[in-house]
Amino acid sequence: MRYTFALFTLLFLLLTVAQVIAQTDLPDLDAKEKKDVKIERNEVYSGNSLWGYINGGADLYLEYGFDKMRVIDLTIEDENLKIDLYKMEDAVSAYGIFSVNRFRCNEKAKGWMHSCITGYQLQLATGPFYLSIINQSGSEKAMKASLALANKLMGNWRDDYLQFPGMPGKPFTKMHYSNAKIIQGRLGMDNGFQMWATYFEGLENYTLMVIPVKEEEARFNLGFLTEVKGDAVDILIKNIKEKTGSATSQWYFAKADKALILLESKSSIKKITGYIKAIEAASEAELQEL
Amino acid sequence: MRNSKENGVDRRKFFKVAALGGLGISFAPSFMGKSIAQEVKDGKEPAKPKTNVEDALKHPRTATSMPGKYPAKVVRVNHQNAVVDNKPGKKAAAEMLEKAMLSLTGAATLKEAWLQFVKPGEKIGLKVNPVAGKSLTTSHAVTQSIIAQLEDAGIPRKDIVIWDRREFQLHETGYTKENYPGIKITGTERKDEEGSYYNKEGDLYSLEMIDKDWYYWADVDGEYDEYTLPYMVNEGKYSYFSKICTQEVDKIINVPILKNAGASITLCMKNLGYGAITNTSRLHKQLWGDTSAEVCAFPPLRDKVVLNIVDGLKGCFNGGPGANPQYIINYNTLLAGTDPVAVDRVGYDIVIKKRIEKGVQEKDSPRGRKFMEMAANLKLGEHRLEKIDLKEINLG
């Protein structure tokens, strides 16, 4: 009986793993579904072959941990659309590439936590996927078609977005976390948070989550750098001390259990006391002035 | 495909549970797996791999060697109506190009201006940049204007070649024989009509296009899988020059787009350095700037590139060298000069100012200008802004 139960458990686990693996295949469009959809290109690139698609632009995606991608060029009701669906190593990588690619979003796509709509583009990150749909006209019709395609492609991943657990609570809000950027190397830093690039020179293989807060009275950047070991922390702190320049901002840091917390404040300490308390409470570490 | 919850893997819950470990700051487990210890020694940059740039310097310079006929001179022409309905306009592009050529050369006529750089009987290669796809390729408005003015100067269409690394990218972005009748459209990396990169003998078509007498060697190995090789042509430590620039054309007119590359740019030298050789992906990480500068020091580029015309009608300030629409902008400008370093330096300022204005960058970083210093040290041009004679013309 015990063995039967064990076998059943093993089968169940294998089945679950198989389903998860199948689920990570690249979603595709069924061209036969709609007559007014004309697919002009549908190609898959994996690993370093991304070079073939975006040449020098591939570096950034490879730095974040690129697995494979699907490129679809299509025409739908006279609208030319370009779909780039990237499958990254994991949800963190997918969110990371989304976080450095989005810019001045007009709004979010309904139902998609990590999404960004601008005139000519819809972007979203869900699970290990980063999706970009570019249209040529900037019209409402084109965006409507883009949203429909996103739902068609990614519908099964709708509820599968990355959250940031263990982060400080109020006065931090969802809005703050939705502005978070994840940086995993020099190119991500150059593209996503260039103002800190000089401090991270010489550091590799890190993951930094940075939350820029730009409110009327509270202006600061909060960073969580994970798994830093050896003298890397000292080098980073030394870089900050040496390269801050005219000192228009004040730096604080705390060494928490699994992360180095960095806070660059452009406001006076009094204005951000509530935030600092929240950071210290969540991290059980005290911020020190640099 | 099923919803993750149906699979019994509620990722949100998974992350939350993973966070409950008494961690000061908790990230998802995948964060921790990827964030490994840094290997930073003394905060110094690691030594760079060696290259064969010294070989390039052994070749005597010629009358047409960079920085060309007008060292440290750049003309910038702005036109308020350069882009109409989100498309670069042909009329504006032609006018901007004309003004730039006359101002650069001081010639009395446009024909005389062009004939300072090219002459009938020569094969003229236009090195365009289709890398970012349809949304941000070297515009047809600018390319067609160059062709029209070359024709007026007596260069027949049969002697004009539009080229880049990837022939198929040229086709995808509208550089086709239908759109450019009588003009050769060619690339180093190519495939046949069935979409195969390999001939009947199993060799890459691209191998026929490379000139093994000319190479950029760097002590970095390129290793590629079967899917990547057609885009790199060869593995190893050698990057071979394309026969297009070593054998096919006599002169090159470089026509890049005003784009950023991170906190730097991808303009004249990057368009040439990475566009003329094979096996490039190995060079990006440690030798990005070095390659842009050093490859231009080899005679097939140094002595043949007579003119640089930067298409800045549309461009981008972030997301380059790709084309993310939110970063594409109408710069409404065109830069011209024979000195690729000086043109890059002026273009650099335009892009970086826009990045700062748009809030993607706080201040200029010397790191972004490093490749121009390297190129100046190789005597390819002027990198100091204060030494550059910049003429600015406003139209429209």
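**Exercise 1. Find what share of the chain A contacts between residues at least 6 apart in sequence join residues at least 24 apart.**

Solution. Take the contacts in chain A between residues at least 6 apart in sequence. Of these, 61% join residues at least 24 apart. The model is predicted. Next, burial. Chain A has 290 residues, and buried ones make up 57% of them. Here buried means under 20% relative accessible area. Last, the elements. Chain A holds nine helices and twelve strands.

**Exercise 2. Trace the open sheet of chain A that contains strand 1, and name its edge strands.**

Solution. Start with the order. Six strands of chain A form an open sheet, 1-2-3-6-5-4, with antiparallel pairing. Now the edges. Strand 1 (37–46) and strand 4 (114–118) of chain A each pair on one side only. Then the twist. Direction ignored, neighbouring strands of this sheet are turned by 10° against each other on average.

Look at one pair. Nine bridges link strand 1 of chain A to strand 2 (residues 66–76) of chain A in the antiparallel sense. One register point: A:Lys38 has A:Thr75, in strand 2 of chain A, as its bridge partner.

Add the helices. Helix 5 (residues 140–154) of chain A packs on the sheet and touches strands 2, 3, 4, 5 and 6 of chain A. Its direction makes about 35° with that of strand 3 of chain A. Helix 4 (residues 91–101) of chain A lies across strands 3, 4, 5 and 6 of chain A. Helix 4 runs at about 150° to strand 5 of chain A.

**Exercise 3. Explain why strands 7 and 12 of chain A each have one side without a neighbour in the sheet.**

Solution. Write the order: 7-8-9-11-10-12, an open sheet of six strands in chain A with antiparallel pairing. Strand 7 (181–183) and strand 12 (288–289) of chain A stand at its edges. Each has a single partner strand, so one side stays without a neighbour.

Move inward. Strand 8 (residues 208–214) and strand 9 (residues 219–226) of chain A run antiparallel, joined by seven bridges. A:Lys214 has A:Arg219, in strand 9 of chain A, as its bridge partner. Helix 9 (residues 273–283) of chain A packs on this sheet, touching strand 8, strand 9 and strand 11 (259–265) of chain A. The direction of helix 9 makes about 180° with that of strand 11 of chain A.

**Exercise 4. Describe the largest cavity: its volume and its lining.**

Solution. A search of the whole structure finds one cavity of 30 Å³ or more. The volume of the largest cavity is about 150 Å³. Its lining has 15 residues; A:Asn55, B:Asn129, B:Val131, B:Lys270 and B:Tyr274 lie nearest the centre. Strand 5 (160–166) and helix 10 (268–273) of chain B are the elements giving two or more residues to this lining. By class, the lining has three nonpolar, seven polar and five charged residues.

Definitions and conventions
Residues numbered from 1 in each chain as written. Chains lettered and ligands numbered in written order. Predicted model: local features only at pLDDT ≥ 70, side-chain atom pairs only at ≥ 80, totals over all residues. Heavy atoms only, no water. 1 Å grid on protein atoms, 1.4 Å probe; cavity = no way out; pocket = protein on both sides within 12 Å on 5 of 7 lines; lining within 4 Å. Points joined across faces, edges and corners; volume = space filled by probe spheres on them. Helix = DSSP H or I, 4+ residues; strand = E, 2+ residues; numbered from the N terminus. Nonpolar A, V, L, I, M, F, W, Y, C, P; charged D, E, K, R; others polar. Pairing = 2+ DSSP bridges. Contact = heavy atoms within 4.5 Å. Axes fitted to C-alpha atoms, helices over the stretch in contact; angles between N-to-C directions. Buried < 20%, exposed > 50% of the residue type's maximum accessible area, 1.4 Å probe, protein only.
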